[in-house]
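The following note sets out points for a colleague reading this model. They are arranged by topic and may be checked against the coordinates in turn.

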Amino acid sequence: MFKRNLWKITLTALIGAWAILSILPLKDTPFNDYIQAEVGAQSAEFESLMTQASERVTNGQAPSVFIALKQIGKENRIDLSKFFPEIRLESSLQNVEKRNAILLDYLLQQSQGRLQLGLDLKGGVAFVLEVADDGVSDDVADYEREEKLAKAIEIMGDRVNEFGVAEPIIRPVGTNRIELQLPGVNTKDNPELANAIKKPARLDFRRVHPSASPLNSPQPPPGYELLVEERDGDNGVAQEIPYYVKRVPEMTGESIANAFVTMDEFGRYQISLRFTDEGAERFGEITGAIFDESQQTGRRGQLAIVLNGRLYSAPSVNGRINGGAAEITGSFAQREAIDLANVLNNPLDVELIIQEQNEVGPSLAADAIASGEYASIIAILLVAAFMVSIYTIGGVFAVISLSVNLLFVLGALASLNATITMPGIAGIVLTVGMAVDSNILIFERIREELNMGKSLKAAFMAGHDKVLSTIFDANITTLITSSLMIMFGTGPVKGFGITLTIGVFSTVFCALVVTKLLLDIAINGDLIKRFPMFIRAKVPTFDYLKFARPAFATSWLIVIVGVGVVAYKGHNIYGIDFVGGDEVAVSFTETPETGAVRDALVAAGIGEVNPVFQSDFNDDVETLKIQVPVGQGEMVMPGLLAAFPSAGFELLGQTTIGPSIGAEIQWNAFMSLGLAIVGILLYVAFRFEFGFGVGAVVSTIHDILMTIGIFVLFDRQFTAPMVAAILLIAGYSINDTIVVFDRIREELKSNPDTRLRDVINNALNNVFVRSLLTSITTFLASLALFLFGGGVINDLAFTFLVGVVTGTFSSIFIASPIFYWYHKGDRKHVGRHQNVKPTYEWTSSSRASE
């Protein structure tokens with residue numbers, strides 16, 4: 001038995017070790033303490049440097065020790081890597097300044113916790129960027145200005161949130177400004193952060209003058225300008241090579257289809273470019289013309305690659321280049337090359353100027369954070385207690401499997417540099433509640449086999465084998481949904497798709513490997529002789545289809561009412577994240593608590609209230625910015641003065657802010673969901689039968705509309721996390737429906753002479769306990785979050801409470817009746833399963849009873 005399970009034990013241990021290493025350390029270590037602990041050589045000399053760095057911070061010459069060390073290394077030409085011999089830098093990189101930057105950036109990253117907390121839990125940094133006056137002329141129409149601003153926001157989102165899991169806030173402010181909030185960073189250690197984000201990425205391919213050179217001609221020829229290329233010297237000092245480069249480019253970055261990082265034959269990083277079809281043709285013409293000219297003059301021609309006015313390289317042209325590709329070479333560090341490729345793939349066509357730079361405090365009050373954490377712990381404990389109380393030893397195994405599942409998910413998120421927010425924590429908790437479904441499927445199948453008189457060992461093997469296809473199909477349909485979110489979604493939609501995909505693979509692995517491993521060791525190792533379960537209910541004999549029509553009509557009536565209310569309320573169903581609002585900035589003499597501010601303004605009649613403290617980077621002056629719905633900004637000051645008369649509030653200004661969930665993200669969410677529904681229809685039709693596909697699609701649409709309608713009926717507003725909540729509801733609905741359909745398919749095979757109506761009722765009765773138990777576990781997790789969590793967590797939990805009920809209802813009274821009516825109640829129309837002979841499993845073999 002041990003040899004049979006050795007690969008499972010080894011694989012689980014390896015993945016678990018990787019996950020733990022990815023997560024640790026859990027918390028940030030102060031950079032000063034961390035870097036001193038990591039010194040591996042010449043510690044006395046480094047201690048002297050740290051003393052100098054601390055003095056610079058004290059004297060105001062540097063904002064942090066991190067920056068001070070960079071300054072000292074640059075000024076004194078000190079290669080700091082000599083103090084850290086265990087950290088290997090690229091041997092080809094000789095530039096001392098770049099080596100120090102790479103080393104210190106690495107040490108700073110290593111000093112931080114792997115799972116960074118979001119803006120709501122920890123805060124971060126905020127920039128307000130303004131479009132330069134020459135970026136958009138005054139005579140440009142308003143809609144064109146808005147389009148350029150929206151495009152800039154989209155590009156910046158792609159730059160800072162490549163995988164959709166970084167949780168930034170990016171939104172327009174007024175008509176020509178953008179607010180960018182980033183979690184888990186600070187401007188004291190990253191003063192160049194904003195500059196890196198706002199780079200316009202103007203890439204030019206320009207001719208180098210064939211004969212004139214700054215070395216032999218002090219003045220550039222007409223139409224040319226002096227640009228200097230920097231190269232690493234042998235002694236670590238940058239060498240400057242001047243060229244006269246044509247001012248007007250032969251070609252721009254608009255012709256680039258893709259940019260990515262590669263390595264040359266010497267192991268140095270470079271940026272490889274792939275052109276569009278038109279760009280490839282134009283590049284061939286340019287290089288061909290330069291080569292022909294060099295053949296006539298006898299001087300080798302060069303084509304300069306200029307990015308944002310800086311000359312990166314001026315490679316020689318040895319012939320016409322028709323391959324549709326080029327490389328940007330230079331003294332690139334890996335991170336620098338990756339950032340440059342990212343900027344080239346997301347070029348800004350407007351110049352942005354930093355107008356404000358602030359440190360941002362957590363947007364959630366301390367009591368809200370504590371209540372959210374408390375609610376999450378209670379939710380997980382409730383799920384664990386329920387599983388153990390129902391399945392006893394099996395429940396213990398399920399809890400262990402779920403713990404491993406949670407570890408794998410967190411490890412994968414940490415490896416993607418994901419940011420953990422309070423809604424994200426709630427989402428993970430709900431995912432745990434859903435992940436228990438696979439274990440329940442296994443346990444219920446074992447129960448059925450035991451009820452048939454099989455031995456425990458035979459029941460375990462048969463039950464696990466029979467449930468494989470159910471788990472496979474249920475998770476494949478969810479994977480289709482998440483994959484399409486990744487492919488077509490942006491921002492939080494893409495991030496949710498990645499998180500859901502990780503959850504699918506982790507859940508399947510833990511159910512089919514970890515849970516089975518534990519059961520195999522316990523049962524076949526004779527550690528347990530019985531598999532006690534608290535519930536011993538008989539299979540019901542309820543006629544579900546008898547009540548299908550009234551249940552179907554009633555539920556769709558509720559859907560129609562909900563959709564009608566949504567249409568009636570219009571934009572009023574959306575919160576600030578979707579439609580923007582007013583932002584009021586105030587100063588104060590006594591610092592109020594954000595939770596008290598929120599409660600006071602809500603009591604004053606203001607709807608959604610989002611208060612956050614910001615500290616100016618230059619003078620550390622703290623201000624309070626309060627975001628409220630459009631048109632309610634004027635109510636803020638009277639409400640504050642009435643509630644906090646001694647706080648000394650003074651109005652600093654009021655402005656209009658745009659949505660952080662823009663039209664593109666909303667459209668991508670709808671498109672991803674629509675494509676997912678089509679994908680599910682095709683997969684279920686292929687894997688099952690077309691009637692099943694129709695039932696799955698109709699029930700999924702029903703559940704989404706029902707949840708949205710009831711949410712709005714209870715006068716709640718949609719915020720950014722609600723996008724993920726609705727998508728999660730879709731995943732839950734599909735999963736539940738597939739489990740029911742898999743049982744109907746099995747009943748069709750094993751009962752070829754039974755009427756379709758009886759087949760469906762038998763299947764529903766057989767899966768009823770499983771559906772009920774799964775719903776209870778997810779419902780318990782949601783209920784704990786609903787009762788003990790506040791704010792957006794309460795909204796998420798409410799949404800899922802509704803979704804759990806509607807998902808369970810629809811799999812029984814929507815999906816199954818649709819399948820029945822699609823075939824007009826006649827099983828002869830179920831082509832795939834028509835005339836299928838039943839299959840039998842003989843339990844008397846010695847193998848089954850081993």
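1. A cavity is here a set of grid points where a 1.4 Å probe fits but cannot get out. In this predicted model, the largest cavity has a volume of about 260 Å³. The count of cavities of 30 Å³ or more comes to 6.

2. Which elements give two or more residues to the lining of the largest cavity? They are H12, helix H13 (456-488), helix H14 (491-524), helix H21 (720-750) and helix H22 (756-788). The lining holds 18 residues, and Met-434, Ala-435, Asn-475, Thr-507 and Asn-735 lie nearest the centre of the cavity. By class, the lining residues divide into 6 nonpolar, 9 polar and 3 charged.

3. The second largest pocket encloses about 770 Å³ of space. Its lining consists of 24 residues, of which Leu-117, Glu-373, Leu-410, Ile-420 and Ile-425 lie nearest the centre. At least two lining residues are supplied by each of strand E1 (116-117), H10, helix H11 (393-415) and helix H12 (422-451). H10 makes the largest contribution to this lining, with 6 residues. The lining of the second largest pocket comprises 17 nonpolar, 3 polar and 4 charged residues.

4. Helix H10 spans residues 366-391 and includes Ala-385. Is Ala-385 buried, exposed or partly exposed? Because its relative accessible area is 44%, and the partly exposed class lies between 20% and 50%, Ala-385 counts as partly exposed. The C-alpha atom of Ala-385 is separated by 9.1 Å from that of Val-396, 11 residues apart along the chain.

5. Turning to the chain as a whole, the secondary structure comes to 23 helices and 19 strands. The protein chain has 850 residues, 52% of them buried. Among contacts between residues at least 6 apart in sequence, 76% join residues at least 24 apart.

6. One open sheet contains 4 strands in the order E8-E5-E11-E12, with antiparallel pairing. Strand E8 (251-252) and strand E12 (310-313) stand at the edges; each has a single partner strand, so one side of each is left without a neighbour in the sheet. Strand E11 (residues 303-307) runs antiparallel to E12 and is joined to it by 3 bridges. Within this pairing, Val-306 has Leu-311 in E12 as its bridge partner.

7. Strand E14 (residues 352-360) takes part in two pairings described here. With strand E2 (residues 124-131), the pairing is antiparallel and has 8 bridges. Phe-127 has Gln-357 of E14 as its bridge partner. With strand E17 (residues 610-616), E14 pairs in the antiparallel sense over 3 bridges. In that pairing, Val-360 stands opposite Gln-614 in E17.

8. Some backbone values deserve inspection. Most residues other than glycine have a negative phi, and most peptide bonds are trans. The peptide bond from Leu-24 to Pro-25 is cis, with omega near 0°. Pro-25 is placed in the loop between helix H1 (2-23) and helix H2 (31-38).

9. Gln-42 is not a glycine, yet has a positive phi of about 50°. This residue lies in the loop between H2 and helix H3 (43-58). With a relative accessibility of 40%, Gln-42 counts as partly exposed. Lys-824, likewise not a glycine, has a positive phi of about 55°. Lys-824 is found in the segment after helix H23 (791-822). The relative accessible area of Lys-824 is 70%; because exposed means over 50%, this residue is classed as exposed.

10. How confident is the prediction along the chain, and where is confidence lowest and highest? The average pLDDT of the protein chain is 82, and 89% of the residues score at least 70. Confidence is lowest in helix H7 (residues 193-197), with a mean of 66, and highest in helix H15 (residues 548-569), at 93. Over residues 832-850, pLDDT stays under 50, and the model has 29 contacts beyond four places in sequence for them. Where pLDDT is low, the predicted coordinates should not be read in detail.

Notes:
Residues numbered from 1 in each chain as written. Predicted model: local features only at pLDDT ≥ 70, side-chain atom pairs only at ≥ 80, totals over all residues. Heavy atoms only, no water. Buried < 20%, exposed > 50% of the residue type's maximum accessible area, 1.4 Å probe, protein only. pLDDT = per-residue confidence, 0-100. Contact = heavy atoms within 4.5 Å. Pairing = 2+ DSSP bridges. 1 Å grid on protein atoms, 1.4 Å probe; cavity = no way out; pocket = protein on both sides within 12 Å on 5 of 7 lines; lining within 4 Å. Points joined across faces, edges and corners; volume = space filled by probe spheres on them. Nonpolar A, V, L, I, M, F, W, Y, C, P; charged D, E, K, R; others polar.
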